[in-house]
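Subject: Structure handover

Hello,

As agreed, I am passing on the structure for you to look through. My notes come after it.

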Amino acid sequence: MLLYLLRRTLYAVPIALAVSLVCFSLVHIAPGDPINAIVPADAPQEVVDQIRREYGLDKPLPVQFGLWLGHVVQGDLGRSLATGRSVWSDLSVAVLNTLRLAVAASLIGFAVGCVLGGLAGVFQGTWIDRVATGLAVAGVSVPHYWLGMVMVVIFSVELGALPAMGAGPTGGGAWAWDWAHIRHLVLPAVTLCVIPMGIVTRTLRGIIAEIMGQDFVNTLRGKGLLGRTIFLHVVKNAAPNALAVMGLQLGYLMGGSILVETVFSWPGTGFLLNSAIFQRDIPVLQGTILVLALFFVVLNLLVDLMQTALDPRIKRA
Amino acid sequence: MTDKLVEVHDLHVRFVSRDATVRAVNGVDFDLMPRETLCILGESGSGKSVTLRALMRLNPPRRTVMSGTVRVGGHDVLAASPRQLADIRGGVVSMIFQEPATALDPVFTIGQQIRETILRHEPIGRAAADRRAQELLEIVQIPSARRRLDSYPHELSGGLRQRAMIAIALSCRPKLLLADEPTTALDATVQIQILLLLRQLQQDMGMGVIFVTHDLGVAGEVADRIAVMYAGRFVEVGPVASLMRAPLHPYAQGLLGATVHAGARGTRLTTIPGAPPNLEHLPQGCAFAPRCAWVEDACLSAVPALRSPAPGQAARCVRVPDTLQDAA
Amino acid sequence: MTADVLPAALAPAPRAAPGYWGGVWRRLRRDKVTLVCAGILLLMLAAIVFAPLIAPHSPYQASMLRRLKPIGFPGYPLGTDELGRDMLTRLIYGGRLSWYLGITPVAIAFVVGGLLGVIAGFAGGWLNMLIMRVTDVFYAFPSVLLAVAISGALGAGIFNAILSLTLVFIPQIIRVAEAVTTGVRTLDYVEAARASGAGALTIVRVHVAPNVLGPIFVYATSLISVAMILASGLSFLGLGTKPPEPEWGLMLNTLRTAIYSQPMIAILPGLCIFVTSICFNMVSDGLRTAMDVRA
C-alpha cells in the first residue's frame, strides 16, 4: 500500500503544475494587452516600455511562466497592482477568513446532511425518505446567493437580529471567537451550508440504501444482532465513501464561496477575487486562483489517501 | 413422544407491493425432530428459500405478510416480539447462506464477526469469546485458525469463507441449522468437503438441519427426509431412499427422470414441458396440472390434499392412493 | 410417458411484453411529482416563448417616478424595479436569457463532452489516457472558481459566460460518458456481439450507444439547474449579462440595494431561478428513477 500512496502523491505534482499553467494562462487569454491594466492609455511610450520590462511582460510567454513559477515556489506571489501590498499578505488573511466560513458551513451542512441522508437511506421508500430527499433537492436547487439575500431580508432587515455584512464589528479587523464576531458568521455560514447539505444527504442516502440492500445485512439480522449493532456495521461500510464526498465538498466550499462572500461582504478569498477581477489586478488574480486551486488539489489527494487507508479491501490487496 | 424441534402448520407467505402480490408459500406443513435432516428440494421460484427464511422471519419486513404457525425449539416465531426474535436468531436457530462472498461484512475480520455473535447471546467476556472463536475455526477445519481470526473475508478462498460462515452460525450452539444452498456457489470438490463437514458437525453437536437445494445429488447425500416443493407447496414428502427410488408425484418423477446419472447411459433424458406458474396468478387447482401428462378434471378444480400411501410418505396428487386415510 | 404438447386450454394466456421504453413511460406517468414539475416547466417555457404576447409592458421602459413601486400597484402587478421598469415583464423576458444561459452550455457540453467521453471509453489505451488526464486538470478546479476565473479573464458578456460554463461542464460530462462507456464495453453482451462477428461500428450503434446515451442524457439534465444558477451567479457578479438586458441573475444584482425598501421585489428574480432549478432537478431525478430497471 505504501507504494500506492507514494504513486498517488507523486501523481499530484504534474496536476499541480498543469493547474499553475492554467492559472497563468487565464490572465493571458484575456483580450487586450495586460499592460493596459497597469498603465493608463495615454502614457508615453518610454513609460510603457519601462513598465513592460519591469513586469517582465516583454519576455516570451514560456519564460514568463517559468519566472512566475519560480517566484511562486519561493512564496513570492508578487505585488497587487491596486494597493501595492504583497499579494500574499492580503491573500493569507483572506484565506483564513474563507477557511473559517467554509469550515463552519461544512460542519453544519455535514451534520444535517448525515442525519437526513442516514434517515432517508434506512427508511428508504417511506415518507421519511421523501421528506429528506425533498429537502436535499431543495438544498441543491436553491441559488445560494439568493438565499443569502432572503436571509438578510428576514434576519437583518425585518428582525434586525443578525448583521448583514462584514466579518466583525470593525469590518475587517482581527478575528476572535467571541459572539460579536460569530454573529457575523451565522448568516453566511447557514447560507453556504445548504448546498453541501443537499449533496451529502443525497449521496449518503444512496450509499446507505445500497449497503442495506447487500446480503451481509441479512446475515447480521440472522445472527440476532440488535438494530444499533447493525447500524454500526452500516456506518463502517459507508465511512470511506461518505467521508470522501464530505472532504470534496469542503474543497468546493473553499473555491466556490465567492457568491456568498459577495452578498455578505465577507472579507475572504472570494471577495478578494471579485475586486481583483474588476480592477484587473493581475497578480492578485493569479495568486488567489492558484492558491484556491492548489488547495483543492491537495484536498483531493488527502481524500484519496484517506479512502484507501480506510477500506480494508484495498489496504491489503 | 419426544418434543418436535420444528412445527410448521399451514404457512402462507405473500410479498405485497404496489404492482402485485406474489404468493410465494401457499400452505406448507411439516415437522422436524431433533438430529434429523430435512432437505427441501425445488427449482428457483418454488418458494424454498422463502420457507426457510420464514422460520426466522428473515424475509423483508415491510413487504412480507405471513400467516399460519411456526414453532422452533418451543418458541412461537410468528408471534415473537422483535427482541425475542433477535434472541432466537443465532441462539436457537442459525442460518448459512448461499454466497459467502457477499454474506459476510467486508470491513470486519472473521474473528470480529464470530466474536460479536457470541457476545450477543452469551456475555462471557471478550477473551473467552476469542478463545471460542478460535476453537470454532478449528472445528470447521480452517488451517492456521489463530491467524485467520484477523483475516478479512476477501482474503479467504470460497471454501474457507463458507467454513467461516458455518463457524459463525454454530458459535452459539443452535438447536437448528438452516442452510440455504450453501454449496451451490462452490467448486465441485469443495462442495463435497462442505457437505461432509456439515454432516459431521450435525452429529457432533446434535442439531436438526433443514437444507434447501435444487440439486438432487446433494439432497441424496445429506438428507434423512426430502420435501419436494413446487409453486409454494410441498408436493411430495418422504424418506430419502424411497423418494429417490420411486417418487410418487409426477413433478418429482420428472425431476428424477431429468437428472443425469451414470446408470442412465444410453437412455433418453426426459424433460418436463412448460414452465413454472406465475406466482402472482396461481391456478385454482393443482399448480402442476398444465405440465402434467396424467392430468384429470379433478386436478383442475381444487388443490389436491396430501395423500399418504405409506407412513412417512405423502404426495399432492389425486392418482396417489391414500391408504392411511382409508384405514383411519 | 410424458406428453410433448401442452393442452391448449391449460396454457397461460400470453401477455405482450411492454418493452423498456414502455416501462419507462409507465413509471413516469405514475410519478406525480415529476409530472407536476414538468408541467410547471412547460408553462414557464410557454410564457417565455410567448413573452411579447403576454407581457403587459416593455422590459426597457424606465421611469424614475415609478421606481420601486410595491407588489399590487395598479398596472404593475409585481411592482417596479429600481429604474421604474415593470417587474412582471422583466421577469418574463428575463426568463428568456436565463433559460438560454442555462440550457445552451449544457447542450453544447453534452455533444462535445459526450463524444469525447464515449471515444475515450471505447478506444481505451493512450487515447483514453490523453483525454482523461486533460480532463483531470480541469477537474482540479472547483466549478464555481473555474467559471468565475474564465469569465473574469474573458470579460463580461453573454457569449463569454456561455463559453466559460461550457468549459466547466465538458470535463464533467466526459467523466460520466467515459465511465458509462467503459462499463458497457466490458459487459458480456458486447463480448457476445463481438464473438458473433459484429464490427466495431455496429456494436457501437446497436449495443453501446443506446445504453450509454440514456445515462449521459439524464446526467446532463441534472446539470441544467446548476448551469442556470451559475450563469445567473455570473451575472450577479457582473460577469455575465450586461445591463439593461433583463436576466434573473443580473436583476438580483441591481435590486440588491432595494432590499431595505422593497424586500419582496428584490427577491423575486431569485425565486424564479429557484423554482426553475428545483423543477429541472425533480424531472431529472424522476427520469433517472424511471430509467433504472433495477428499482
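Below are the findings, taken in turn for the A–C contact, one helix of chain A, and chain B.

Please keep in mind that this is a predicted model.

The contact between chains A and C

This contact involves 37 residues of chain A and 35 residues of chain C. On the chain A side, the elements that contribute two or more residues are helices H1 (2–28), H6 (127–141), H7 (144–158), H10 (227–255), H11 (258–264), H12 (269–279) and H13 (282–310). Of these, H7(A) provides the largest share, with seven residues. What classes of residue make up the side of chain A that touches chain C? There are 31 nonpolar and six polar residues, and no charged ones.

Helix H10 of chain A

H10(A), one of the helices listed above for the contact with chain C, consists of 29 residues. From its first C-alpha to its last it reaches 40 Å, which is close to the 42 Å expected at 1.5 Å a residue. The helix also has a kink of about 50° at Ala239(A), shortly before the proline Pro240(A).

Chain B overall

Chain B contains 13 helices and 12 strands. Its radius of gyration is 21 Å, close to the 20 Å from the globule rule for 328 residues, so chain B is as compact as a globular protein of that length. Along the principal axes, the C-alpha atoms of chain B fill a box of roughly 65 × 50 × 45 Å. Of the 328 residues in chain B, 44% are buried. Among contacts in chain B with a separation of 6 or more, 62% are between residues 24 or more positions apart.

The domains of chain B

The domain assignment splits out domain 1 (6–92 + 174–275) and domain 2 (106–165) of chain B. How far apart do the C-alpha centres of domain 1 and domain 2 of chain B lie? The distance is 27 Å. Where the two touch, domain 1 of chain B gives nine residues and domain 2 of chain B gives eight. On the domain 1 side, helix H2 (82–91) and helix H8 (188–205) of chain B each supply at least two residues. H8(B) gives the most to that side, with four residues. By class, the domain 1 side of this contact has six nonpolar and three polar residues, with no charged residues.

Regards

Methods
Residues are numbered from 1 along each chain as its sequence is written. Chains are lettered from A and ligands numbered from 1 in the order in which they are written. This is a predicted model: local features need pLDDT of at least 70, side-chain atom pairs count only at pLDDT 80 or more; totals for chains, interfaces and linings use all residues. Two residues are in contact if their C-beta atoms, placed from the backbone, lie within 7 Å. Ala, Val, Leu, Ile, Met, Phe, Trp, Tyr, Cys and Pro count as nonpolar, Asp, Glu, Lys and Arg as charged, and the others, Gly among them, as polar. The expected span of a helix is 1.5 Å times one less than its number of residues. The bend at a residue is the angle between axes fitted to the seven residues ending there and the seven starting there. The radius of gyration is taken over C-alpha atoms; the globule rule is 2.2 Å times the number of residues to the power 0.38. A residue is buried if 20 or more other C-beta atoms lie within 10 Å of its own, exposed if 12 or fewer, and partly exposed in between; C-beta atoms are placed from the backbone. Domain bounds come from an automatic or database domain assignment.
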